[in-house]
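User: Please take me through the terms used for this structure and show how each one is justified.

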Amino acid sequence: MAITLKPGYRAPAAGVAAAALLIGSFLIGTTQSGSAAARTGSAAIATLTSTATGGKITVTGTGTVTGTPNQLILSMGVKINAGSVSAALQQANRAAGRVIASLKGGGVTAADIATSGLSIQPNYRGSGQTPIGYGVSEQLTATLTDLGKAGSQIQAAVTAGGNATTVDGVSLNLTDTGGLLARARAAAVRDAQTKAAQFARALGQPLGSVISVSDQTSFNLYQFANLPATASSGSGRVPVSPGSQQLSIQITVVYAVG
């Protein structure tokens, strides 16, 4: 963490001493005596520059908020082995049809169910070169938008597919980010303002108006914690725990000082 004072800017001795206590070390240069440098930390969080018309301080602000996922993406399918391609495909089609019908019957719309894969592979015994049968795998992706029903929908779909069912995984998404982004941006602005005021005060200079603001990231979502499951394993539905996700953004703000 470092502050850079470029030639042409002089802070009062008391302000410089206070800045040294706040940040540990800094780099200061003058036109008469050259420059000397001392650095600590791994990244700068503020930069102070000066011109003939006044100084500027640049700080980075971070805002992080937490939200609860509202959507579950289910990746599942069926896998059948049979003596011929046609027999395996027919059985797989029937099993996949039962899974899709179950999802629709449970309230998942047709638009939220998509075929995502089809695989047909010969099966061999040991190092033999002649197929002894064929395996057919059909995959689909279902978007479940009501997490209160998701456990029952998954349970019913798996039961409908029977022993042919495969589940590749689930993912939880937070799709309604408008309000969260507004809160994260406000928190980032407050964070930047606090840092800028601390540095300006330590340097003995008044903090001026905002010159510019730039958003360094759109947003980042991080899986953060788990909430209690919505159902126990014995209640006839798969337990679904939405947990929570963190949304974090970073901004850079330039203030006038002096």
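The following exchange sets terms against their definitions.

Analyst: This is a predicted model, in which local features need pLDDT of at least 70 and side-chain atom pairs count only at pLDDT 80 or more, while totals for chains, interfaces and linings use all residues. Residues are numbered from 1 along each chain as its sequence is written, and side-chain values use heavy atoms, with hydrogens and water left out.

User: How do you know that the span of H2 agrees with the expected one?

Analyst: Helices (H or I, at least four residues) and strands (E, at least two) are DSSP runs, numbered from the N terminus. The expected span of a helix is 1.5 Å times one less than its number of residues. For the 21 residues of H2 this gives 30 Å, and the end C-alpha atoms are 30 Å apart, so the two agree. Just after H2, Gly107 has a positive phi of about 105°.

User: What makes the buried residues of H2 lie on the same side?

Analyst: Buried means under 20% relative accessible area, exposed over 50%, and partly exposed in between (1.4 Å probe, protein chains only). In H2 the buried residues are Ala88, Ala92, Ala95, Ala96, Val99, Ser102 and Leu103. They cover an arc of only 115° around the axis, and therefore lie on the same side of H2; the arc is that of the directions from the helix axis to the C-beta atoms. Their cover includes S6, S7, S8 and H3.

User: Why are S7 and S9 called edge strands?

Analyst: Two strands pair if DSSP finds at least two bridges between them. The open sheet of four strands has the order S7-S8-S6-S9, with antiparallel pairing. Strand S7 (113-123) and strand S9 (165-173) each pair on one side only. S7 and strand S8 (residues 133-144) pair over ten bridges in the antiparallel sense.

User: What makes a group of residues a nonpolar core, and which members of the largest one touch the most others?

Analyst: A nonpolar core is a set of buried Ala, Val, Leu, Ile, Met, Phe, Trp, Tyr and Cys residues joined through side-chain atoms within 4.5 Å. The largest has 25 residues, of which Leu72, Val78, Val99, Leu103, Leu140 and Leu144 touch the most other members. S6, H2, S8 and H3 each supply at least two residues of this core. Apart from it lies another core, of 18 residues, including Leu180 and Phe199. In soluble globular proteins, nonpolar side chains tend to be buried together.

Methods:
Contact = heavy atoms within 4.5 Å.
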